[in-house]
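Please examine the sequence and the model below, with attention to the empty spaces within the fold and to the packing of helices.

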Amino acid sequence: RVNLLTENGLVSVVLEQSGAVTFRDAEVQAQIDRALLAIAENRRQDRRQLAVNLFGQGQRDIRLGYVVAAPLWKSSYRLSVVEGDDSGTAQLTGWAILENMSGQDWDEVELVVTSGNPVTFRQALYESYYVDRPAIPVEVLGRVLPSVDGGSVAMDKSVETGQIREEFAARRSRQFASGSMGANSMVMAASPMAAELDQAMPETAMAPAEVIAAESQEAATQVVFRYPEPVTVTSGSSIMLPIIARDVAAEQVALYNPNTHASHPLASVKLTNDGETSLPPGVVTLYATAESAGPANFAGDAQLSPLPAGDSRLLSFALDQQVSVVRDPKFSERKVGGSIIDGILRLNVNQLSETVYKIENTHPRSRTVILEHPKQSGWDLASEIEGVEETNTAYRVPVTVEAESEREITVTLMRPIAQRYELTSIDGSLIATFAAARTLSEELRQVMATLATYKQRVEDQRRVVDGIQNRLDQRSQDQERVRRLLTSVPRDSDLYRRYLSDLNRQEDVVQRLQTERYDAEQIMREAEGELLAYARDLEINP
């Protein structure tokens, strides 16, 4: 509805009921034409016209190509194993799952898929960017109001005019730096992430039986799968094309990780890529048969990480409840050597973290159990076990357990540390421990035995001093008690004279005990001096 103000007043018009609308005023019509043209031009700002210049002469065929976004292709595998098979092989079949979401049919197209992790991003090349300039306030001359002068003194002659100029220049430099323009920014799109496996794909087209598996080629950072025959996929459909179909090296094992399950390992397959190119990551569905010609039963699913040629992966697909594992961790220390320099004993100690694994196999066939023993920072594997492998977080220790039997194995981690002791401050019991340590050298143990003798003399004499001091403390308490009694009786009484006589006798005992303590302390200091002299003269190098 349009409301118009005319010479005849307001006129209301419903546009839907009008067959045509014209403007009799040529100037108004020109303004509307210019406005509509501006709107159309504004809509074309995001469009670009591409000019392709071709050099040369004559008529020839020109082929132009462009890149469009497409969904990531997924890989899926089927691994068939025979229970108890010792041949060390399994049948592996893999497919590439592709989706045509381009909006147009793929009709007899040449198909090449790659597996890798390249660096990808987006940049808006057609978007205009401008550098923001800072806004500076306009200088306005305001009212001048001089401050009150408080007097002045003569300026120091050491402050020269050149120094003032340097300070002024430095201040201007700081002001200019604070108003400098920022660096240009770049708008980048986030890297595409791998799509999850779609459980319900629209119109999934299986590859025909006569389609040959892709020819794989190892590149520097990715694997290229090139299909020898053209592929046809309608828009909105999916297709599965084979990438591998052959026997591969595989070993059936049980993987024990205490963080996954405390008592039972995981039934696993150690898959080795004995081909010439890598295998892309994907989901592996395992099927097991009781014998080579028996029916295949679903065993479980596993995840396969990128598998380079010549490398191996453990595919865990189910909990093996016929194998039980019990862990018994222990900790100990072992002294292996030491030195004495300047009265300081330095011992080399190996800390041992031992874990005893008790494995029970109730299955009628033998099991190869791989123990994933966690790594510890600063610790090294000390057990001499054949076939041990390591990951970033654990050691993989292989153990073969016969059918319906038990086996026990100990995994030991060792951490060497250095301990420092002052010989004159070591406790006597610790010295005796060092003297009895068979892992130390004979010379060091003899020194510890001699040091124990000196230390024993000091300790014995210290006990003598402590005994005398205890007797002195008791006498002091008795004297204090008698002094309090003297203040409570008359001075001319017999009881007062009796307390006074008792106090004199106790004072004689105190003086005698003080003399004994002094002599005992002298003997103790001599013993300590002998201990110190012996410790300082020692020098034993490892």
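The paragraphs that follow treat a pocket, a cavity and two helix pairs in turn.

The model is a predicted one. Rolling a probe the size of a water molecule over the atoms reveals where space remains empty. In this model, the second largest pocket holds about 590 Å³ of space. Its lining comprises 25 residues, and those closest to the centre of the pocket are E83, G84, Q252, V253 and R367. Four strands each give two or more residues to this lining: β13 (238-256), β14 (266-272), β17 (312-319) and β20 (367-374). The greatest contribution to the second largest pocket is that of β13, which supplies five residues. In chemical character, the lining of the second largest pocket is made up of ten nonpolar, eight polar and seven charged residues.

Strand β13 also takes part in an enclosed space. By the rule applied here, the model has one cavity of 30 Å³ or more, and the volume of the largest cavity is about 30 Å³. Its lining is formed by V81, D85, T89, A250, E251 and Q252. Three of the residues in this lining come from β13, the largest share. Q252 thus appears in two places: it lines the largest cavity, and it is among the residues closest to the centre of the second largest pocket. By class, the lining of the largest cavity is evenly divided into two nonpolar, two polar and two charged residues.

Attention now turns to the helices. Helix α3 (residues 428-436) and helix α4 (residues 442-486) have axes that come within 8 Å of each other and cross at roughly 155°. Because the angle is over 145 degrees, α3 is roughly antiparallel to α4. The crossing of these two helices, α3 and α4, is left-handed. On the α3 side, the contact involves G428, I431, F434 and A435, which meet R445, M448, A449, L451, A452 and K455 in α4. Sorted by class, the residues of this contact are seven nonpolar, one polar and two charged.

Helix α4 has a further partner in helix α5 (residues 494-537). The two pack at an angle of about 165°, with their axes 8 Å apart. The pair α4 and α5 is therefore roughly antiparallel as well, and the crossing of α4 and α5 is left-handed. The contact of α4 with α5 contains 24 nonpolar, six polar and 15 charged residues.

Definitions and conventions: Residues are numbered from 1 along each chain as its sequence is written. This is a predicted model: local features need pLDDT of at least 70, side-chain atom pairs count only at pLDDT 80 or more; totals for chains, interfaces and linings use all residues. Side-chain values use heavy atoms; hydrogens and water are left out. On a 1 Å grid over the protein atoms alone, a cavity is a set of points where a 1.4 Å probe fits but cannot get out, and a pocket is an open set with protein on both sides within 12 Å along at least five of seven lines; lining residues have an atom within 4 Å of a point. Grid points are joined across faces, edges and corners, and a volume is the space filled by probe spheres set on the points. Ala, Val, Leu, Ile, Met, Phe, Trp, Tyr, Cys and Pro count as nonpolar, Asp, Glu, Lys and Arg as charged, and the others, Gly among them, as polar. Axes are lines fitted to C-alpha atoms, for helices over the stretch in contact, and angles run from 0 to 180 degrees between N-to-C directions. Angles under 35 degrees count as roughly parallel, over 145 as roughly antiparallel, 65 to 115 as roughly perpendicular and the rest as oblique. A crossing is left-handed if the near helix is turned anticlockwise from the far one by less than a right angle, and right-handed if clockwise. Contact means heavy atoms within 4.5 Å.
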